[in-house]
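Subject: Structure for you to look over

Hello,

Here is the structure I said I would pass on. Please open it beside this note and read the two together.

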Amino acid sequence: MSAAIVVRTPNWLGDTVMALPMLAALRGAEPAARITLVGRWATLLAGQGVADVVLPYPKPLAARRRLARALAAERADVAVLLPSSIESALAAWSWRAARRIGYATDGRAPLLTDALPLPAPRLHQVDEYAALLTPLGVSGGATAPAWTLRPVWTLRADSGLDAEIARLLTDAGVAADTRLVGLHLGAAFGSSKLWPAEAFGRLAQGLAAAGLTPVLLGTGDDADTAAAVTRAAGGPIASLVGRDRTVLLPRLLARLCCLVSGDTGVAHLAAAVDVATVTLFGPTDRRLTAPRGRRSRTLDRAAPCAPCFLPRCPIDHVCLTRIEPDEVLHEIRQAVA
């Protein structure tokens, strides 16, 4: 049994959600260990019952050095590295973890004590994260992420978040009993994952005709896209673009009856809170990163260049433009029936 375990969590929201089954399996196998999560989205996992300490991973080099000194003082028995970068291996080495487990990628094998080969063929990201526990003798566990919305020790805080979400929806003109379909417009990966604004606008029209209320979601960077979707729809659409906060996301998504998006982290979080999802795949491979949820659906279209895994399409973006709004509407209606 290990007394202290540090897990370097992924740099992306979706990958962090897909790590939940692995983290839950680790917690179950090591109930007495002090488990520390370190990563960009690690603090969002507070209350999920998978760790004792959750720490953000700072960007400034000086702050990372301070963090390294603090973690080195604890002399972790094990560090499990979910990112495949050499930077994460260097960090674990600076933390003085006795064992450093990760995939042998990016030339970092000499920095690892347990350097695992990448699975061939590649597995779904959930399964590849779970396989990192093999050197610790941990196997099994859930195959799909599940998000706990109401930890008993944070009921008061959760109530405050619910009230804030209610205010945001009221300000956006959304009635309390409305059946909401979230249209998430952005993708941190790049523009190649974005469905056209005109298609979102046509989908919004179809949703309204079907008795469902579309609500636009995204960061402040998606404001121009939201305006283009509204123009394409020919009328106003409720919008929370740029108005929500990360801590609100799980509870906000739980308010939806369905989420439509590209291959984004928000889709994985929605599936984990048991919301129906319709995820549109183009440059990436649904076999590797499709949301895993009992109500998750995916759409993609064959293209000779897909999946290309490029952040920006150098040609005509046919992989996503071939997905028609009527097809997406059909999937939504099936998902919420």
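What follows is a list of what was found in it, grouped by region.

This is a predicted model, in which local features need pLDDT of at least 70 and side-chain atom pairs count only at pLDDT 80 or more, while totals for chains, interfaces and linings use all residues. Residues are numbered from 1 along each chain as its sequence is written, and side-chain values use heavy atoms, with hydrogens and water left out.

Cores

In soluble globular proteins, nonpolar side chains tend to be buried together. A nonpolar core here is a set of buried Ala, Val, Leu, Ile, Met, Phe, Trp, Tyr and Cys residues joined through side-chain atoms within 4.5 Å. Buried means under 20% relative accessible area, exposed means over 50%, and partly exposed is in between (1.4 Å probe, protein chains only). The largest nonpolar core has 56 residues, and Val7, Val80, Trp147 and Leu253 have the most contacts inside it. Apart from that core lies another, of 34 residues, including Val181, Val278, Ala303 and Val336.

Contact means heavy atoms within 4.5 Å. Leaving aside neighbours within four places in sequence, Val7 is in contact with Met22, Leu23, Leu26, Thr36, Leu37, Val38, Val80 and Leu82.

Helix α2

Helices (H or I, at least four residues) and strands (E, at least two) are DSSP runs, numbered from the N terminus. Helix α2 covers residues 20-29, and seven of its 10 residues are buried, so the helix is largely enclosed by the rest of the structure. The buried residues are Leu20, Pro21, Met22, Leu23, Ala25, Leu26 and Arg27. They pack against β1 (4-8), α1 (13-18), β2 (34-38), β4 (78-81) and α5 (125-131).

Arg251 and Val229

Arg251 sits in helix α9 (residues 249-254) and is buried, with a relative accessible area of 10%. What does its side chain meet? A polar contact is a pair of N or O atoms within 3.5 Å; within protein, one must be able to donate a hydrogen and the other to accept it, and residues adjacent in sequence count only if both atoms are side-chain atoms. One such contact, of 2.8 Å, joins the side chains of Arg251 and Asp162. In addition, a polar atom of the Arg251 side chain lies 2.5 Å from the backbone oxygen of Leu149.

Val229 belongs to helix α8 (residues 223-233) and is buried at 0% relative accessible area. Not counting neighbours within four places in sequence, Val229 is in contact with Leu185, Ala197, Phe200, Gly201, Leu216 and Ile237.

The cavity and Lys193

On a 1 Å grid over the protein atoms alone, a cavity is a set of points where a 1.4 Å probe fits but cannot get out, and lining residues have an atom within 4 Å of a point. Grid points are joined across faces, edges and corners, and a volume is the space filled by probe spheres set on the points. The count comes to one cavity of 30 Å³ or more, and the largest cavity has a volume of about 30 Å³. Its lining is made up of His184, Leu185, Gly186, Lys193, Leu194, Trp195, Phe200, Ser261 and Gly262.

Lys193, from that lining, is in the loop between β7 (180-184) and α7 (197-209). Lys193 counts as buried, at 12% relative accessibility. A polar atom of its side chain lies 2.8 Å from the backbone oxygen of Asp263. Residues up to four places away in sequence aside, Lys193 touches Ala187, Gly262, Asp263, Pro283, Thr284, His317 and Leu320.

Backbone points

Most residues other than glycine have a negative phi, and most peptide bonds are trans. Where does this model depart from that?

- A cis peptide bond joins Ala120 and Pro121, with omega about 0°; Pro121 is in the loop between β6 (114-116) and α5.
- The peptide bond from Ala306 to Pro307 is cis, omega being near -5°, and Pro307 is in the loop between β12 (296-299) and α12 (318-321).
- Arg96 has a positive phi, near 60°; Arg96 lies in the loop between α4 (86-94) and β5 (99-103) and is partly exposed, at 49% relative accessible area.
- His317 also has a positive phi, near 60°; His317 is in the loop between β12 and α12 and is buried, at 14% relative accessible area.

Regards

Technical notes:
On a 1 Å grid over the protein atoms alone, a cavity is a set of points where a 1.4 Å probe fits but cannot get out, and a pocket is an open set with protein on both sides within 12 Å along at least five of seven lines; lining residues have an atom within 4 Å of a point.
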